[in-house]
Amino acid sequence: MKYTLPRGTRDILPEEMGFWHNIESVSRTLFHLYNYHEIRTPIFESTGLFEGSIGNETDIVEKEMYTFLDKGGRSLTLRPEGTAPLVRAYLQNNMHKKQRNSKLYYCGPMFRYERPQAGRYRQFHQVGVENIGTPEPFADAEVISLGVHLFDELGLTDLSVTINSVGCPVCRPVIEERIKQFIGTNLHFLCGDCQRRFDTKPLRILDCKSNQCKTYFSGLPDIRDSHCQECRDHFNSVLEYLDSLGIMFHINPRLVRGLDYYTRTTFEIISDQLGAQNALCGGGRYDYLVEKMGGPHTPAVGFAFGLERAVMILKSLLDHNHYDDVISIFIAPIGFAQRTKCFYILDELRRAGIKCEMSYVTEELKPQLRQANRLGAEYTLIYGYDEAERHIMIIKKMANGEQHEIELEKLIPYLRAELKA
Ligand code: ATP
Ligand code: MG
């Protein structure tokens, strides 16, 4: 073979596609039910958009972006996530001037230069929602409950919700000071990234994936003790609303997530079935991102989940695919002269919404019946010289071999009724 896939990418083959279509359509239905509207943004954006929003001292911006110069010398980046582009589009299209609250969702490929492993790719797909313009904790609870509802609807079991609050510009400095004090003299045991981030973004240290670093975080005081009153009240309300919906969660005081823009609520929905990459869905509140991008003060909250990981779980639960890959009708011309008429009928049936195929290579009956069986056809229509003379077709039910004649004019209504039954 001359060419192979770039490392960290994969082909999504037809046999897996049923899972994808199912997730996409259940998501869409539910998002519309919760009054979210789809938005599609370009796959690449100017590099500055991500540097300025996700933050310079994050793994994504420091190590994982696919950045290139186009022929005009502009620095562009394949989007590593969906929130920053969505907020850019929200402002650029003046959505903030039209109404207080915009509820938007997106679906599409994202790109991160990461070390490929199970459930971690360099091109992967996310579905996400963003509730922009609602500061009330109801919005946080709605977004989390939408995620839970969605995964319930998809039949994903054994999921758990973990939640935390990372504070706001008022209490963040206090939280960061506490972290720095706690790490203190152990700093030189931490990895290079953590050492660098210690002075500028100490909260980021808690997101470090290195096991060595993690051992130094045990015993860390709960960052919630440093929250300001507003953050405390907000978090308690979110938890109260989740409780009122019967949503189970556990609080993980170290859940800070890998992007700079989060304030207050952060959460993940994780699955034991995913192994090391156990996060299916991540999200949180980002009350200052719109402002940081030059818009008015506009609090927001959202989540994104990974389609590859959702498909992995669904596959492990089901041994069959919902993908409808069988045909209803196979048309078998017998004799060379009958092919053109059969080709015409094939087209008529398709225009009538009936899924069908015919053989283009042989006019012998036997191999055509074999092909019809292979394709899972419910019926085969046989059309030879005799049938052409009498304007009929022979219709053969593949399950039991029963067959009878049918006039050509009655074919479509007959098949419609039969296939519905
Ligand atoms: P992780 O901790 O697994 O690196 P993350 O915090 O980087 O996840 P987010 O940026 O919040 O992830 O993205 C939300 C979801 O997108 C993740 O929970 C995961 O399902 C999916 N995801 C993120 N990165 C990848 C990747 N490289 N390959 C496949 N899916 C991914
Ligand atoms: Mg990551």
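How many salt bridges does the count come to? In this predicted model, the count comes to 28 salt bridges. The paragraphs below take up some of these pairs, then the surroundings of ligand 1, and then individual residues and a patch on the surface.

One of the salt bridges is formed by the side chains of arginine 197 and aspartate 59, with a distance of 2.9 Å from N to O. Because arginine 197 belongs to helix α8 (residues 192–200) and aspartate 59 to helix α3 (residues 59–64), this pair ties together parts of the chain that are 138 residues apart in sequence. The two partners can be described by their accessibility: arginine 197 is buried, with a relative accessible area of 6%, whereas aspartate 59 has a relative accessibility of 28% and therefore counts as partly exposed. Both residues also belong to a network of salt bridges that links Asp59, Glu62, Lys63, Asp193, Arg196 and Arg197.

A further salt bridge joins lysine 103 to glutamate 142, where the closest N and O atoms are 3.2 Å apart. This pair, too, links distant parts of the chain, since lysine 103 is placed in strand β5 (residues 102–111) and glutamate 142 in helix α6 (residues 137–153), with their positions 39 residues apart in sequence. Lysine 103 is buried, its relative accessible area being 13%, while glutamate 142 is partly exposed at 24%. As a general point, side chains of opposite charge can pair when their charged atoms come close.

A salt bridge between arginine 120 and glutamate 114 has its closest N and O atoms 3.0 Å apart, and both of these residues are buried. This pair leads to ligand 1, because an N or O atom in the side chain of arginine 120 lies 2.9 Å from an oxygen atom of the ligand. Glutamate 114 is likewise among the residues that come nearest to ligand 1, a group that consists of Arg112, Glu114, Tyr121, Gln126 and Arg257 out of the 15 residues around the ligand.Two further polar approaches concern the ligand: a polar backbone atom of tyrosine 121 is 2.9 Å from a nitrogen atom of ligand 1, and a polar side-chain atom of glutamine 126 is 2.8 Å from an oxygen atom of ligand 1. Taken alone, ligand 1 exposes 590 Å², of which the protein buries 91%.

The shell around ligand 1 draws at least two residues from each of the strands β6 (123–132), β10 (279–285) and β11 (300–306). Strand β10 gives the most, with three residues. When the shell is sorted by class, six of its residues are nonpolar, three are polar and six are charged. Arginine 257, one of the residues that come nearest to the ligand, is found in the loop between β8 (250–251) and β9. This arginine has a relative accessible area of 12% and is therefore buried, and its side chain makes a polar contact of 2.8 Å with the side chain of glutamate 268.

Arginine 285 lies in strand β10, where it is buried, with a relative accessible area of 0%. Its side chain is joined to that of aspartate 287 by a polar contact of 2.7 Å. From C-alpha to C-alpha, arginine 285 and glutamine 92 are 21 Å apart in space, and 193 residues apart in sequence. For glutamate 24, which is found in helix α1, the C-alpha atom is separated by 8.8 Å from that of leucine 307, a residue 283 positions away along the chain. Glutamate 24 counts as partly exposed, at 24% relative accessibility.

Positive phi values occur in two residues other than glycine that are described here. Asparagine 35, with phi near 70°, is found in the loop between α1 (14–33) and β1 (37–38), and a relative accessible area of 44% makes this residue partly exposed. Arginine 264, with a phi of about 55°, has its place in strand β9 (residues 263–271) and counts as buried, at 15% relative accessibility.

On the surface, Phe343, Tyr360 and Val361 form a nonpolar patch, with about 370 Å² of accessible area together. Of these residues, tyrosine 360 is found in the loop between β13 (356–358) and α14 (365–374).

Notes:
Residues are numbered from 1 along each chain as its sequence is written. Chains are lettered from A and ligands numbered from 1 in the order in which they are written. This is a predicted model: local features need pLDDT of at least 70, side-chain atom pairs count only at pLDDT 80 or more; totals for chains, interfaces and linings use all residues. Side-chain values use heavy atoms; hydrogens and water are left out. Patches are made of residues with over 30% relative accessible area and no salt bridge: like charges are joined within 9 Å, nonpolar side chains (Val, Leu, Ile, Met, Phe, Trp, Tyr) within 5 Å. Accessible areas come from the Shrake-Rupley method with a 1.4 Å probe; for residues, only the protein chains shown count as cover. A salt bridge is a side-chain nitrogen of Lys or Arg within 4 Å of a carboxyl oxygen of Asp or Glu. Helices (H or I, at least four residues) and strands (E, at least two) are DSSP runs, numbered from the N terminus. A residue is near a molecule or strand if one of its heavy atoms lies within 4 Å of it. A polar contact is a pair of N or O atoms within 3.5 Å; within protein, one must be able to donate a hydrogen and the other to accept it, and residues adjacent in sequence count only if both atoms are side-chain atoms. Ala, Val, Leu, Ile, Met, Phe, Trp, Tyr, Cys and Pro count as nonpolar, Asp, Glu, Lys and Arg as charged, and the others, Gly among them, as polar. Buried means under 20% relative accessible area, exposed over 50%, partly exposed in between (1.4 Å probe, protein chains only).
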